[in-house]
Amino acid sequence: MALNEEFESRIGKGTKASGKLNFRGPVKIEGEAEGEITGEEVVIAAGAVVSARISASKVTIAGAFSGEVTARERVELMATARVQCTINTPSFILNEGAQFDGDCKMPTKKLAA
C-alpha cells in the first residue's frame with residue numbers, strides 16, 4: 001500500500017495517542033504514539049514520532065520510531081525513517097537514506113504475531 005492511499009484509521013498530526021492501540025484495518029500514524037500497537041498494516045508517516053511495540057502483518061516506517069517491531073510479512077524503512085529498534089520479520093526492506101540502529105531477526109517462516 002502506498003503512503004498516500006486512504007486509510008480507515010489515522011492518528012493525525014498534532015495528535016498524541018498512548019496505551020494499547022488495536023486496529024482492524026490499515027492505520028496511518030502522522031502524529032505521536034506510544035505503547036502497544038497491533039493491526040494488519042501500520043504506516044508511520046514522515047514527521048511522526050512513535051515509541052512502541054508493534055505487532056502487525058506489514059509495517060512501513062517513514063518517520064521516527066523506537067521500540068520493537070514484529071511483522072508477519074514485511075517491514076519497510078523509507079528514506080526518511082529514523083529508527084532505533086529490534087525488528088522480527090521474514091522480509092526487511094531498507095531504502096537508501098534510512099537510518100537504522102538496532103537488531104533485525106529474519107525467521108524463514110512467517111511469524112505468529
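**Strands, core and selected residues**

Gly19 is partly exposed, with a relative accessible area of 33%. The value falls between the two cut-offs, because buried means under 20% and exposed means over 50%. The model is predicted, and the values below are computed from it. Gly19 sits in strand E2. Leaving aside neighbours within four places in sequence, Gly19 is in contact with Glu34, Gly35 and Glu36. Ala45 lies 26 residues from Gly19 along the chain. The C-alpha atoms of Gly19 and Ala45 are separated by 19 Å.

The overall fold comes next. The chain has nine strands and zero helices. Read from the N terminus, the order of elements is therefore β-β-β-β-β-β-β-β-β. The C-alpha atoms fill a box of roughly 35 × 30 × 25 Å along the principal axes. The radius of gyration is 12 Å. A compact globule of 113 residues would have a value near 13 Å, so the chain agrees with that expectation.

Contacts were then sorted by distance along the sequence. Of the contacts between residues at least 6 apart in sequence, 8% join residues at least 24 apart. Accessibility was examined for the whole chain as well. Buried residues account for 42% of the 113 residues. The chain exposes about 6000 Å². Carbon and sulfur atoms supply 45% of this exposed area. Charged side chains number 14 positive and 15 negative. The centres of the two sets lie 4 Å apart.

The interior was analysed through its nonpolar core. The largest nonpolar core contains 27 residues. Ile29, Ile37, Ile54, Ile61, Phe65 and Val69 have the most contacts inside this core. Two or more core residues come from each of strands E2 (16-22), E3 (27-29), E4 (32-44), E5 (49-61), E6 (64-77) and E7 (82-88). Strand E5 gives the largest share, six residues. Ile29 illustrates the contacts made by one core residue. With neighbours within four places set aside, Ile29 is in contact with Ile11, Ile37, Val42, Val43, Ile44, Ala45, Ala48 and Val50. Ile37 is thus a contact of Ile29, and Ile37 also appears among the residues with the most contacts inside the core.

Strand E5 also holds Ser57. Ser57 has a relative accessibility of 5%, so this residue counts as buried. The cut-off for buried is under 20%. Residues up to four places away in sequence were not counted in the contacts of Ser57. On that basis, Ser57 touches Gly39, Glu40, Ala71, Arg72, Glu73 and Arg74.

Glu73 also takes part in a second pairing, this time with Pro90. Pro90 and Glu73 are 17 residues apart in sequence. Their C-alpha atoms are 6.2 Å apart in space. Pro90 lies in the loop between E7 and E8. Its relative accessible area is 26%, so Pro90 is partly exposed.

Gln84 belongs to strand E7. Gln84 is exposed, because its relative accessible area of 52% is over the 50% cut-off. Apart from residues up to four places away in sequence, Gln84 touches Phe65, Ser66, Gly67 and Asp101. One of these, Phe65, is listed among the residues with the most contacts inside the largest nonpolar core. Asp103 is 19 residues from Gln84 along the chain. The C-alpha atoms of Gln84 and Asp103 are separated by 8.7 Å.

The last residue examined was Gly97. Gly97 occupies the loop between strand E8 (92-94) and strand E9 (99-105). At 45% relative accessibility, Gly97 counts as partly exposed. Gly97 touches Ala79 and Arg82, with residues up to four places away in sequence left out. Thr80 is 17 residues from Gly97 along the chain. The C-alpha atoms of Gly97 and Thr80 are 6.6 Å apart.

Technical notes
Residues are numbered from 1 along each chain as its sequence is written. This is a predicted model: local features need pLDDT of at least 70, side-chain atom pairs count only at pLDDT 80 or more; totals for chains, interfaces and linings use all residues. Side-chain values use heavy atoms; hydrogens and water are left out. Helices (H or I, at least four residues) and strands (E, at least two) are DSSP runs, numbered from the N terminus. The radius of gyration is taken over C-alpha atoms; the globule rule is 2.2 Å times the number of residues to the power 0.38. Buried means under 20% relative accessible area, exposed over 50%, partly exposed in between (1.4 Å probe, protein chains only). Contact means heavy atoms within 4.5 Å. Accessible areas come from the Shrake-Rupley method with a 1.4 Å probe; for residues, only the protein chains shown count as cover. Lys and Arg count as positive and Asp and Glu as negative; His and the chain ends are not counted. The place of a charge is taken as NZ of Lys, CZ of Arg, CG of Asp or CD of Glu. A nonpolar core is a set of buried Ala, Val, Leu, Ile, Met, Phe, Trp, Tyr and Cys residues joined through side-chain atoms within 4.5 Å.
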